[in-house]
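Trainee: Please take a close look with me at one part of this model, and give the cut-offs behind each term as you go.

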Amino acid sequence: DPTGTGDGGPGWNLALEPSDLKHERGTLGMARGDDPHSGGSQFYIALGREGTARLDGQYCTFGFLLDGFDTLDRIAQSEIGDTATGRPRTPPRIERVELVPARPCVAGSDPHMRPSPSADTAPVRPSPTGER
């Protein structure tokens, strides 16, 4: 949210691209309003299957946490300031993320299998000399 209020958007909307990735603990998805095609600049991280299974197939889930579940748990413990919206009293800020390219999907494979951190999912970090 560019405004930092939880209500702002980029000024345009993305068409819904429903995903087969289930809403399990650590799943990332595109937030949206009542209109399925209203996503834009906000995302969410599922805290657990129990509260989010109903979202399966209705939202674009596009990734999942490989690490940082302790941080997710701290975010989940934020004091709620508005029970009607579920918004925290003091919204937490994510200050750093690291995107790791996913392995390609293979026809016939289980789309819900999460890769474990390994050589083929590890981020490429430049060396001190700038070489890869």
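**A surface patch and an aromatic pair**

Mentor: Phe-43, Phe-62, Ile-94, Val-97 and Leu-99 make up a nonpolar patch on the surface, with a combined accessible area of about 560 Å² (Shrake-Rupley method, 1.4 Å probe, only the protein chains shown counting as cover for residues). Patch members have over 30% relative accessible area and no salt bridge, with nonpolar side chains joined within 5 Å; a salt bridge is a side-chain nitrogen of Lys or Arg within 4 Å of a carboxyl oxygen of Asp or Glu. This is a predicted model, in which local features need pLDDT of at least 70 and side-chain atom pairs count only at pLDDT 80 or more, while totals for chains, interfaces and linings use all residues. Residues are numbered from 1 along each chain as its sequence is written, and side-chain values use heavy atoms, leaving out hydrogens and water.

Phe-43 belongs to strand S2 (a DSSP run of E, at least two residues; helices are H or I, at least four), and counts as partly exposed because its relative accessibility is 45% (buried is under 20%, exposed over 50%). Strand S2, residues 43-45, also holds Tyr-44, whereas Tyr-59, 15 residues away, lies in the loop between helix H1 (49-52) and strand S3 (61-64). Both tyrosines, Tyr-44 and Tyr-59, are buried. A search of the whole structure finds one aromatic pair (centres within 6.5 Å). That pair is Tyr-44 with Tyr-59, edge-to-face (planes over 60 degrees apart), at 5.9 Å centre to centre and 85° between the planes. Over the ring of Tyr-59 sits the charged end of Arg-32, 4.0 Å from the ring centre (CZ within 6 Å of the centre and within 35 degrees of the ring normal).

How values were computed: Rings of Phe, Tyr and Trp (its six-membered ring) pair if their centres lie within 6.5 Å; planes under 30 degrees apart count as stacked, over 60 as edge-to-face and the rest as tilted. Buried means under 20% relative accessible area, exposed over 50%, partly exposed in between (1.4 Å probe, protein chains only). Patches are made of residues with over 30% relative accessible area and no salt bridge: like charges are joined within 9 Å, nonpolar side chains (Val, Leu, Ile, Met, Phe, Trp, Tyr) within 5 Å.
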